[in-house]
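Colleague: I would like to learn how to read a model of this kind, going feature by feature. Could you take me through it slowly?

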Amino acid sequence: MIVLWIIINQSDCLSRNKSIIMKSKLLVLVFLATGMLFAQENQSEKQVKDSIKRKEILLDEVKITSKKKFIKVDSDKTTIAVKDNAMLNSGSSLEAVKKLPGVITSPTGSITLNGKGVAIYIDNAPSSLSGNDLQNYLNSLPANAIEKVELIYNPGAAYDANASGSIINIVTTSKRMKGINASFNINYNFNKYQKPSPQILLNGKEKNLSWQTMVGYNYIDGENRTKTDQTFTAFDPNKKLNQENFSQTTDRNFYARFGTNYRLSQRSNLLFNYNVTLSNDRNTFDAKTLGDNINYFNEGITKNKSGNHELSLQYKTKLDTIGRTFDVVAYTNLFERNPITNSNARDFISNTTFFNNGNGAFDLQNQYLKYDFVVPFEKYKFSISTGGKFNVLKVENTGNYFVNSPIVNTINFDYSETNLAFYAEARKKIKKFNLTAGLRFEDFNVERISSTVADKIKFRNTNIFPNLSAMYEVNDNINMTASYSKKIRQPDYNQMDPNNGSVFDQYNTSQGNFFLNPTFFDNYEFKVTAFQFVNLGTNYTRSKDNSLFVFGADANATEPISNQTAQQFEEFNTFSAYASFPIPLDYIFKGKEEFNKRMNDLDNMNYVFLNINYIKSDIKGYVFPYSNKAIWNYAAQAQIILPWKIKNSMTYFILPSGNWEIYKITKPIQQFDISFNRDFMDKKLKIGLHCFDVFNSNEINALIAGQNLETNFGQKRDTRTFRLSLTYNFGNLKIDKENTDIQVEKKQAGGGLVK
């Protein structure tokens with residue numbers, strides 16, 4: 001059921017005293033809240049003790065079914081199972097996300113969903129990272145750690161307003177079973193380089209305590225070739241540069257994820273999670289630049305050590321038997337990286353040598369405390385939810401640069417943001433209509449300081465963000481939904497930071513835009529869902545001050561030097577239409593009777609799942625140097641059940657020529673993957689053989705028009721990879737009905753059903 005949409009890409013714990021103090025305050029607050037609620041609950045339990053003695057009134061916590069559903073389409077989101085899907089679960093989380101229906105990666109590496117900007121959530125928590133840091137983190141998280149992914153098209157007031165237009169929520173494995181259980185997994189990648197990536201997963205349950213531990217190591221080598229032909233239009237006559245860069249990357253990271261879930265009572269749980277990723281990456285490169293009277297060569301190495309630590313403490317409870325729930329979460333994210341670059345260059349025209357060395361220290365701290373409260377009124381088919389959140393984000397980056405001199409040039413960048421938010425959202429069912437209305441209040445206080453500018457930038461941004469939706473149930477299998485939401489996107493730190501985040505030389509620079517404003521979005525959507533598999537819809541997004549990465553050049557420069565930075569566009573509008581639906585091969589080739597047998601067991605069904613997207617952008621006040629042609633995306637995934645219980649999965653996508661935002665794709669981008677999987681030993685042993693980009697055809701060719709500069713950009717990664725995956729499960733594989741989980745999940749996005 002999953003469709004492949006991959007276009008392109010892209011350790012130590014922090015120990016600052018202030019971060020420890022902040023974390024301690026948050027944890028104290030949540031423990032106080034937990035204690036008060038627990039005390040109230042113990043008192044109330046005596047009053048309801050008799051009403052829960054009967055077995056049939058106990059919480060229905062686990063539903064066991066033998067029918068797997070890899071995809072489920074709801075009015076407000078699409079949920080895709082990952083762990084048991086052989087095409088998705090053998091690689092990284094980033095690889096899995098890029099294969100989801102409607103997910104497209106732009107030429108700059110950002111991820112979109114059906115043409116709209118997207119925020120990445122992990123276990124319902126928005127990721128603190130952005131840019132390459134976020135992509136590296138998703139590359140370090142194995143896909144077989146994911147239980148499911150939720151594609152939330154138009155999120156409601158319960159989600160942060162800082163979500164652009166849609167959300168991809170990655171839900172990691174949380175199933176705990178009685179006793180001790182384990183799973184060992186190893187991926188072995190074959191390309192020019194051959195490296196293993198092992199992993200072990202342990203989980204179990206004893207009385208009221210369940211726990212899970214995942215430990216693994218990734219070792220991935222790769223190559224990347226880029227080529228740019230640039231025309232500098234500020235010169236008379238124009239000047240041209242032809243540049244080529246070849247790099248070899250080695251990504252090594254150790255990850256561990258620890259989680260516990262303690263049942264305090266029949267209606268309350270206390271959950272604690274700690275996740276850590278320690279990386280040690282290396283990138284060697286050599287580049288050459290040719291032009292009028294220019295013959296320049298640059299080579300070097302970049303080493304980058306990073307550490308990411310996440311801690312969360314959650315208390316959740318059902319306050320009574322009528323469905324009122326309360327949820328409190330304290331969260332801390334500490335991230336650091338220390339890149340070191342050493343490069344040497346030679347100008348063969350002047351026979352001169354240069355060096356360009358640097359090192360940096362990047363620290364990020366993100367902490368928040370949030371609560372959610374849900375009150376249903378089943379008699380009136382009405383419910384209301386409310387909550388609040390206080391968030392503190394701090395980023396510090398110091399870059400030291402040595403360019404042809406032992407004298408250091410230091411650039412400091414500091415960013416701090418506090419955000420106080422409250423929301424209320426109501427849902428009402430009237431006959432066949434499900435109505436949702438919500439308001440979210442957000443107050444941002446932002447400060448930016450940099451040694452490259454004289455004055456501190458400080459602003460306060462207070463706004464109300466509404467959301468409205470209406471869903472009409474045509475019948476039991478078909479729904480129609482219309483929705484509207486207003487959102488904001490604060491500039492990412494990687495867009496603002498003046499420190500260089502990549503290798504640069506005499507003719508290439510890269511820096512952030514310190515003066516970016518927040519982007520505001522108005523999102524409109526209409527969609528039809530049918531039979532939990534079919535999606536048809538359109539959306540229109542109107543944005544103000546949208547930020548995009550562009551190549552530009554200084555009109556007063558005496559040398560042709562290109563600069564990659566973020567530029568804002570006053571009004572940026574996007575219209576998109578999409579369709580996703582299956583073609584049941586069993587019905588075509590085996591007849592209706594056999595199709596009906598397999599209809600509810602997609603794991604053993606032959607099918608092709610198609611996804612089609614149409615996207616067109618309109619930028620007010622921006623003159624395209626080429627025609628503004630809409631872009632189409634086509635993708636298909638097929639599952640074929642072969643003899644000897646071998647399951648064959650194939651995916652193919654193609655992105656024809658057209659305009660993506662301000663970038664013109666000049667050559668179709670396409671990829672074909674194939675996978676064979678087989679279970680042994682009563683499904684305890686799973687073996688898979690995979691080949692990604694069989695014809696080695698995935699490459700980028702695009703035109704990018706910037707100020708005083710026209711760039712023809714090309715990129716080819718070694719995307720053709722062979723992989724052997726092996727998973728062995730041992731222990732108790734049957735779910736225990738006394739699971740410690742208590743489900744307090746609510747419909748957080750617009751259009752949800754009220755039952």
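**Strands, burial and a pocket**

Modeller: Let us begin with a single residue, Thr538, which lies in strand β24, and keep in mind throughout that the model is predicted.

Colleague: Is Thr538 buried or exposed, or does it fall in between?

Modeller: Burial is read from the relative accessible area, where under 20% counts as buried and over 50% as exposed. Thr538 has a relative accessible area of 30%, and is therefore partly exposed.

Colleague: Which residues is Thr538 in contact with, leaving aside its neighbours within four places in sequence?

Modeller: Thr538 is in contact with Tyr524, Glu525 and Phe526, and also with Phe575, Ser576, Ala577 and Tyr578, once neighbours within four places in sequence are set aside. A related reading sets sequence against space: Thr538 and Ala579 are 41 residues apart in sequence, while their C-alpha atoms are 8.9 Å apart.

Colleague: Where is Asn546 found, and why does it count as buried?

Modeller: Asn546 is found in strand β24, which covers residues 534–552. Its relative accessibility is 7%, so it counts as buried. Beyond the neighbours within four places in sequence, Asn546 has contacts that include Arg489, Thr519 and Phe521, as well as Gln567, Gln568, Phe569 and Phe572.

Colleague: How should strand pairing be read, and how many bridges join β27 to β28?

Modeller: Pairing is read from the bridges between two strands and from the direction in which they run. Strand β27 (residues 631–642) and strand β28 (residues 646–655) run antiparallel and are joined by nine bridges; in particular, Gln637 has Thr651 of β28 as its bridge partner. The hairpin of these two strands has three residues between them, and there Trp644 takes a positive phi near 60°.

Colleague: Which residue of β31 is the bridge partner of Phe653?

Modeller: The partner of Phe653 in β31 is Gln671, and β28 is joined to β31 (residues 669–680) by nine bridges, the two strands running antiparallel.

Colleague: What is the volume of the second largest pocket, and which residues lie nearest its centre?

Modeller: A pocket is described by its volume and by its lining, and here the volume of the second largest pocket is about 440 Å³. Its lining has 20 residues, with Ile411, Thr452, Pro498, Ser510 and Gln511 nearest the centre. By class, the lining holds 10 nonpolar and 10 polar residues, and no charged ones. Strand β25 gives the most to this lining, with three residues.

Colleague: How many helices and strands does the protein chain have?

Modeller: The protein chain has six helices and 35 strands, and 52% of its 755 residues count as buried.

Definitions and conventions. Residues are numbered from 1 along each chain as its sequence is written. This is a predicted model: local features need pLDDT of at least 70, side-chain atom pairs count only at pLDDT 80 or more; totals for chains, interfaces and linings use all residues. Side-chain values use heavy atoms; hydrogens and water are left out. Helices (H or I, at least four residues) and strands (E, at least two) are DSSP runs, numbered from the N terminus. Buried means under 20% relative accessible area, exposed over 50%, partly exposed in between (1.4 Å probe, protein chains only). Contact means heavy atoms within 4.5 Å. On a 1 Å grid over the protein atoms alone, a cavity is a set of points where a 1.4 Å probe fits but cannot get out, and a pocket is an open set with protein on both sides within 12 Å along at least five of seven lines; lining residues have an atom within 4 Å of a point. Grid points are joined across faces, edges and corners, and a volume is the space filled by probe spheres set on the points. Ala, Val, Leu, Ile, Met, Phe, Trp, Tyr, Cys and Pro count as nonpolar, Asp, Glu, Lys and Arg as charged, and the others, Gly among them, as polar.
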